[in-house]
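The exercises below are meant for someone meeting this structure for the first time. Please look over the sequence and the model before starting, and keep both in view while working through the steps.

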Amino acid sequence: MKSLLLAAALMLSALTTKTFANDVNVTPSVLESFRSSFQKATNVQWKLDAGMYRADFTVKGERIIAFFDMKEGNLVVTCQYISIEDLPEDLQEGLEKYTANATLKELFVVQGDDVPDYYATIKQDDKTTILQGRLEKWSVFKKK
């Protein structure tokens with residue numbers, strides 16, 4: 001669970017990163033893991049991020065980010081932008097409370113080994129809040 005939260009934090013920072021390193025030498029074990037997990041991936045960009053390999057790519061027009069462990073090459077976590085309709089119903093209703101007087105900027109899901117975590121970035125006036133949705137409720141993950 002702790003590693004999933006760490007990965008989720010990495011994903012939050014990853015979503016705002018715009019630069020990609022094209023000269024990353026990805027190990028064969030990571031490439032094999034990537035190819036077996038994402039057979040239809042296109043536009044793959046690799047970089048090193050927080051001690052892990054990070055792949056930014058698309059599948060059927062959807063942007064996905066995946067992190068792989070450097071030692072074994074295992075997939076650690078994936079992240080994908082989603083729409084409100086993709087949220088579980090309880091989280092949809094809960095998000096409405098937070099966005100009544102704010103603007104939803106982005107919404108994404110972080111998928112690890114267990115229950116997915118949902119993140120919503122909302123902006124109200126000059127304040128940005130990142131919410132974490134897990135199971136049936138939202139909580140404040142970070143305020144800026």
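A residue counts as buried when its relative accessible area is under 20%, and as exposed when that value is over 50%. The model used throughout is a predicted one.

**Exercise 1.** Determine whether Gln-132 is buried or exposed, and find which side chain it joins in a polar contact.

Solution. Begin with the position: Gln-132 lies in strand E7. Next, take its relative accessibility, which is 12%, and compare this with the cut-off of 20%; Gln-132 therefore counts as buried. Finally, look for a partner of its side chain, and a polar contact of 3.1 Å is found between Gln-132 and Asp-117. The strand around Gln-132 is mostly covered as well, since seven of the eight residues of E7 are buried.

**Exercise 2.** Work out the order of the strands in the sheet, and say which strands lie at its edges.

Solution. The sheet is open and has eight strands, which follow the order E1-E2-E3-E4-E5-E6-E7-E8 with antiparallel pairing. E1 and E8 are the edge strands, each of them pairing on one side only. On average, and with direction ignored, neighbouring strands of this sheet are turned by 25° against each other.

**Exercise 3.** Follow the pairing from strand E4 to strand E8, and state how many bridges join each of the pairs E4 and E5, E5 and E6, E6 and E7, and E7 and E8.

Solution. Start with E4 (residues 75-81) and E5 (residues 103-111), which pair in the antiparallel sense over four bridges; here Gln-80 stands opposite Val-109 in E5. Then pass to E5 and E6, an antiparallel pair with seven bridges, in which Leu-107 faces Ala-120 of E6, and note that five residues make up the connection in the hairpin that joins E5 to E6. The next step leads from E6 (residues 117-124) to E7, again antiparallel, with eight bridges; Gln-124 has Lys-127 in E7 as its bridge partner. The last step joins E7 to E8 through six bridges in the antiparallel sense, and in E8 the partner of Thr-129 is Lys-143, while that of Ile-130 is Lys-142.

One further element should be placed against these strands: helix H3 (residues 89-99) lies across E5, E6, E7 and E8, and runs at about 45° to E8.

**Exercise 4.** Find where Lys-60 and Leu-135 lie, and decide whether each is buried or exposed.

Solution. Lys-60 is found in the loop between strand E2 (52-59) and strand E3 (62-69), and its phi is positive, at about 55°, although Lys-60 is not a glycine. With a relative accessible area of 72%, which is over 50%, Lys-60 is therefore exposed. Leu-135, in turn, lies in the loop between strand E7 (127-134) and strand E8 (137-143), where these strands form a hairpin with two residues between them, and Leu-135 in the turn has a positive phi of about 60°. Its relative accessible area is 57%, and Leu-135 is therefore exposed by the cut-off of over 50%. The hairpin of E6 and E7 also has two residues between its strands, and there Asp-125 takes a positive phi near 55°.

**Exercise 5.** Identify which residues touch the most other members of the largest nonpolar core, and which elements give two or more residues to it.

Solution. The largest nonpolar core holds 13 residues, and those touching the most other members are Phe-34, Trp-46, Tyr-53, Phe-57 and Phe-68. Helix H2 (28-37), E2 and E3 are the elements that give two or more residues to this core, and E2 gives the most, with four residues. For one of these members, trace the surroundings: leaving out residues up to four places away in sequence, Tyr-53 touches Val-24, Val-30, Trp-46, Leu-48, Ala-66 and Phe-68, among others. Apart from this core lies another, of 12 residues, among them Ala-102, Leu-107, Val-109 and Ile-122. In soluble globular proteins, nonpolar side chains tend to be buried together.

**Exercise 6.** Decide whether Asp-49 is buried or exposed, and find how many residues separate it from Phe-68 in sequence.

Solution. Asp-49 belongs to strand E1 (residues 42-49). Its relative accessibility is 14%, which is under 20%, so Asp-49 counts as buried. Asp-49 and Phe-68 are 19 residues apart in sequence, and from C-alpha to C-alpha they are 9.9 Å apart in space.

Notes: Residues are numbered from 1 along each chain as its sequence is written. This is a predicted model: local features need pLDDT of at least 70, side-chain atom pairs count only at pLDDT 80 or more; totals for chains, interfaces and linings use all residues. Side-chain values use heavy atoms; hydrogens and water are left out. Buried means under 20% relative accessible area, exposed over 50%, partly exposed in between (1.4 Å probe, protein chains only). Two strands pair if DSSP finds at least two bridges between them. A polar contact is a pair of N or O atoms within 3.5 Å; within protein, one must be able to donate a hydrogen and the other to accept it, and residues adjacent in sequence count only if both atoms are side-chain atoms. Axes are lines fitted to C-alpha atoms, for helices over the stretch in contact, and angles run from 0 to 180 degrees between N-to-C directions. Contact means heavy atoms within 4.5 Å. A nonpolar core is a set of buried Ala, Val, Leu, Ile, Met, Phe, Trp, Tyr and Cys residues joined through side-chain atoms within 4.5 Å.
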